[in-house]
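Q: I would like to learn how to read features off a structure, one at a time. Where do we start?

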Amino acid sequence: MKARTFEQGIHPRYNKELTAGKAFKLASQPEEVIIPLQQHIGAPAKPLVKKGDIVNLGQKIGQATGFVSADIHASVSGEVLAVEKVNGSLSVKIKNDFEDRQDESIKAKGDLKDLSAEELKDIVKEAGIVGMGGATFPTHVKVSIPEGKNVDKVILNGAECEPYLTVDHRTMVEQAEKVIYGLQALMKMVDAKEGYIGVEVNKPDAIKSMQQAIKAEDKISVVPLEVKYPQGGEKQLIKAILDQEVPSGGLPLDVGVVVNNIGTAVAITDAIQVGMPLVERTVTVTGAVKNPQNLIFRIGTPLSQLIEESGGFIGTPGKVILGGPMMGQAQSNLDRPATKGTSGILVLSKDELGAYPEAGPCIRCARCVDACPVKLLPTALVNLTKADMNLKLQDYHVLDCIECGSCTYVCPANIEILQWVKLGKENLQAELRKSE
């Protein structure tokens, strides 16, 4: 089958060879975990515990406070040391007793064939599952289809197009059956008739593993994808796999599709088969560390400990990025916890970074236009933002920007295009709130 793709995009250096062949390793548990009550898009969870309480592994310690919110669970058993703000986020700090005493709620939920769609949605909600690709949108919200919308297809995103990151790759190789089970559960939740798994062709072992796992399935297909960034964007995946375009301002639901991450499917499987909520996840620790690897860690483990687990820094770090180099965020504090959205910890050395080049004037080469996967006019968005013409940005569909960074990557004038576009989006949204 010919590898499919979307129009435009870029081809950065992927640097996945550092960890692509490394099986998952269980990270050591920390002596203390810091568990933020907001690890998701939407309203923060409300604390259910207080200082001095003894909690069990998997116990709910944060209650969702709205529909778009997610429950939070203890990732270790032990004593609550504090419920306080850490790095600006209300968090529960737990001293680990290393007993892994499971909460009484942790039990298998039954066979998939016997569970209704509503029961499955409740299991996902109670498990606090969110999008594991980094977006952290609550999964129970994504599978709650509004009236008037019909979903007939579910796509699992196994593209993992972000450079350096390899956790989805390893998950497909090592946990293929769990991936398929989770996909089947998602299909049942939304009453979809077809399931697709999109995998870039630079992961041949993952493609082979997934194809083996679906041999007895006639409703699920593995689709090879061209190696291109941002192939893993929802709209780009839908275009590549189904040749359908999500309308401007629209959602995948508008074309009858729900898109989820590979890791999300595995978390759903664990919630059904074992009853374990989302208390651990996988992360690629890579770049300028002595032993780049893929780890399974407990939510709330400090970033510094995961870096130490990977041998520590090589030389002097220039930046530590949560996520990948294209869409990740640089960190100033390595004592902060890794959370449900932590798919990667990338260390870039000072030598790699070099001196940041000064931005020059736009030379109107249109490389950013050619690269933009949403077919926007990035330079126009920059100029409108600089001129404070915020409402005019609507006419140029600024809110369709997926913030992939392709425009900045290709700019020969070193203009921080994405930063200006992000500012424009924020300014426009502020103007729209004023007029409500």
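A: We start with surface patches. Patches are made of residues with over 30% relative accessible area and no salt bridge, and nonpolar side chains are joined within 5 Å. One caution before the cases: this is a predicted model.

Q: Which residues make a nonpolar surface patch here?
A: Ile-41, Phe-67 and Val-68 make one, with an area of about 250 Å². Val-68 sits in the loop between strand 5 (60–63) and strand 6 (72–73). Its relative accessible area is 31%, so Val-68 is partly exposed.

Q: How do I read cysteines, and how many disulfides are there?
A: A disulfide is a covalent bond between the sulfur atoms of two cysteines. In a model, the test is a pair of cysteine sulfur atoms within 2.5 Å. By this rule the count is 0 disulfides. Cys-401 is in no disulfide, and the nearest cysteine sulfur, that of Cys-407, is 6.5 Å away. Cys-404 is also in no disulfide; its nearest cysteine sulfur, again that of Cys-407, is 6.4 Å away.

Q: Is Cys-401 buried or exposed, and is Cys-404 buried or exposed?
A: Cys-401 is buried, at 15% relative accessible area. Cys-404 is buried as well, at 6%. The cut-off for buried is under 20%.

Q: How do I read a helix from its buried residues? Which residues of helix 5 are buried?
A: List the buried residues, then look down the axis to see where they fall. In helix 5 (residues 204–213) the buried residues are Ala-206, Ile-207, Ser-209 and Met-210. Seen down the axis of helix 5, these residues fall within an arc of 165 degrees, so they line one face of the helix.

Q: Which exposed residues are on the face of helix 5 turned away from its buried side?
A: Pro-204 and Lys-208 are the exposed residues carried there.

Q: What covers the buried residues of helix 5?
A: The cover includes two helices, helix 3 (167–174) and helix 4 (176–190), together with strand 10 (194–200) and strand 11 (220–225).

Q: How do I read a single buried residue? Take Thr-139: what does it touch?
A: Place the residue in its element, check its accessibility, then list its contacts. Thr-139 belongs to helix 2 (residues 139–142). Thr-139 counts as buried, with a relative accessibility of 1%. Leaving aside residues up to four places away in sequence, Thr-139 touches Val-124, Ile-129, Val-130, Gly-131, Leu-186, Asn-260, Thr-264 and Ile-268.

Q: Where is Val-86, and what does it touch?
A: Val-86 is in strand 7 (residues 78–86). Val-86 is buried, at 17% relative accessible area. With residues up to four places away in sequence not counted, Val-86 touches Ile-34 and Ser-91. Sequence distance and spatial distance are separate readings: Val-86 and Thr-342 are 256 residues apart in sequence and 17 Å apart in space, C-alpha to C-alpha.

Q: How do I read salt bridges, and how many are in the whole structure?
A: Side chains of opposite charge can pair when their charged atoms come close. The cut-off is a side-chain nitrogen of Lys or Arg within 4 Å of a carboxyl oxygen of Asp or Glu. A search of the whole structure finds 23 salt bridges. One of them joins Asp-100 and Arg-298, with the closest N and O atoms 2.8 Å apart. Asp-100 lies in the loop between strand 8 (89–96) and helix 1 (117–126) and Arg-298 in strand 14 (residues 293–298), so this pair ties together parts that are 198 residues apart in sequence.

Q: Are the partners buried or partly exposed?
A: Asp-100 counts as partly exposed, at 26% relative accessibility, whereas Arg-298 counts as buried, at 14%.

Q: What other salt bridge does Arg-298 make?
A: The side chain of Arg-298 meets that of Glu-280 in a salt bridge of 3.7 Å, N to O. Arg-298 is in strand 14 and Glu-280 in strand 13 (residues 280–287), 18 residues apart. Glu-280 counts as partly exposed, at 35% relative accessibility.

Q: Which residues do shared partners join into one network?
A: Lys-60, Asp-71 and Glu-126 are joined into one network by salt bridges that share partners.

Technical notes
Residues are numbered from 1 along each chain as its sequence is written. This is a predicted model: local features need pLDDT of at least 70, side-chain atom pairs count only at pLDDT 80 or more; totals for chains, interfaces and linings use all residues. Side-chain values use heavy atoms; hydrogens and water are left out. Buried means under 20% relative accessible area, exposed over 50%, partly exposed in between (1.4 Å probe, protein chains only). Patches are made of residues with over 30% relative accessible area and no salt bridge: like charges are joined within 9 Å, nonpolar side chains (Val, Leu, Ile, Met, Phe, Trp, Tyr) within 5 Å. Accessible areas come from the Shrake-Rupley method with a 1.4 Å probe; for residues, only the protein chains shown count as cover. Helices (H or I, at least four residues) and strands (E, at least two) are DSSP runs, numbered from the N terminus. The arc is that of the directions from the helix axis to the C-beta atoms. Contact means heavy atoms within 4.5 Å.
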